Amino acid sequence: MNILDEVKKIRDYLKENMDNQQNPIDCSMPMIPPYKGNSAIKLIVLGQDPTIKNIESRKQIKITLNLDREGSLKNYLSKICDGIGITLDNIYATNIFKYFYTNPPAETLDILRKHLAKNIDVLNEELKPYPNVPVITLGEPVLELIAKESANRKVRFYWGYDDNNF
């Protein structure tokens, strides 16, 4: 199964068949592939989607979480990896939604909930090769989507992401 081919089918289906007026899918942008380290995968990092406000910056995204480039998120994940004795070469990072929305969808969780079922099936297939690998999520919306309940603790606080040490 080619994950991005399946995601393209889902994206195109959702674009045509669901009411996305509140936050339309941006089909002008390519789907973003996962990041896979070069060593044994020991941690899965799950993000929400690649959408960022600055449309020009979107064009620079080539891999999930921009892990092919230096930046604060890569530094943050490196620090997490250091803390558990692995490196970025041991992670597999992917998004639930591998396509862009017109606007960052954290404030339109209802749209994400409508799109979740089809995307979660592909995500399950994508992660099958890693049956016993722990998964961490990046952000409360992701946690709320997969847990199907409100996160009762601030994820950013829990992971220390608001610290300026990254």
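## Exercises on a predicted model

**Exercise 1.** Is Lys8 buried, partly exposed or exposed?

*Solution.* Start with the number: Lys8 has a relative accessibility of 38%. Now bring in the cut-offs: buried means under 20%, exposed means over 50%, and partly exposed sits in between. So Lys8 counts as partly exposed. To place it in the fold, look at helix α1, where Lys8 is found. While you're there, check Pro30: its C-alpha atom is 8.8 Å from that of Lys8, with the two positions 22 residues apart along the chain. Keep in mind that you're looking at a predicted model.

**Exercise 2.** Work out how helices α1 and α4 run relative to each other, and which residues meet there.

*Solution.* Step one, a bit of background: two packed helices are described by the angle between their axes and the distance between those axes. Step two, find both values. The axes of α1 (residues 3–17) and α4 (residues 109–127) come within 10 Å and cross at roughly 175°. Step three, apply the cut-off: angles over 145 degrees count as roughly antiparallel, and so α1 is roughly antiparallel to α4.

Step four, list who meets whom. From α1 come Ile3, Glu6, Val7, Ile10, Tyr13 and Leu14, and they meet His115, Lys118, Asn119, Val122 and Glu126 of α4. Sort these contact residues and you get six nonpolar, two polar and three charged.

**Exercise 3.** Which residues of the largest nonpolar core touch the most other members, and which element gives the most to this core?

*Solution.* A handy idea first: in soluble globular proteins, nonpolar side chains tend to be buried together. Here, the largest nonpolar core has 25 residues, and Ile96, Phe97, Tyr99 and Tyr101 touch the most other members. Next, check the suppliers: α1, β3 (43–47), α4 and α5 (140–147) each bring at least two residues. Helix α4 gives the most, with seven.

Now zoom in on Ile96. Skipping its neighbours within four places in sequence, Ile96 is in contact with Leu46, Gly47, Gln48, Leu116, Asn119, Leu123, Val142 and Ile146. Apart from this core there's another one of 15 residues, including Tyr76, Leu88, Ile91 and Ala93.

**Exercise 4.** How many helices and strands does the chain have, and what pattern do they follow along the sequence?

*Solution.* Count them up: six helices and six strands. Then read along the sequence and you get α-β-β-β-α-α-β-β-α-β-α-α. To finish, consider burial: 44% of the 166 residues are buried.

How values were computed. Residues are numbered from 1 along each chain as its sequence is written. This is a predicted model: local features need pLDDT of at least 70, side-chain atom pairs count only at pLDDT 80 or more; totals for chains, interfaces and linings use all residues. Side-chain values use heavy atoms; hydrogens and water are left out. Axes are lines fitted to C-alpha atoms, for helices over the stretch in contact, and angles run from 0 to 180 degrees between N-to-C directions. Helices (H or I, at least four residues) and strands (E, at least two) are DSSP runs, numbered from the N terminus. Angles under 35 degrees count as roughly parallel, over 145 as roughly antiparallel, 65 to 115 as roughly perpendicular and the rest as oblique. Contact means heavy atoms within 4.5 Å. Ala, Val, Leu, Ile, Met, Phe, Trp, Tyr, Cys and Pro count as nonpolar, Asp, Glu, Lys and Arg as charged, and the others, Gly among them, as polar. Buried means under 20% relative accessible area, exposed over 50%, partly exposed in between (1.4 Å probe, protein chains only). A nonpolar core is a set of buried Ala, Val, Leu, Ile, Met, Phe, Trp, Tyr and Cys residues joined through side-chain atoms within 4.5 Å.
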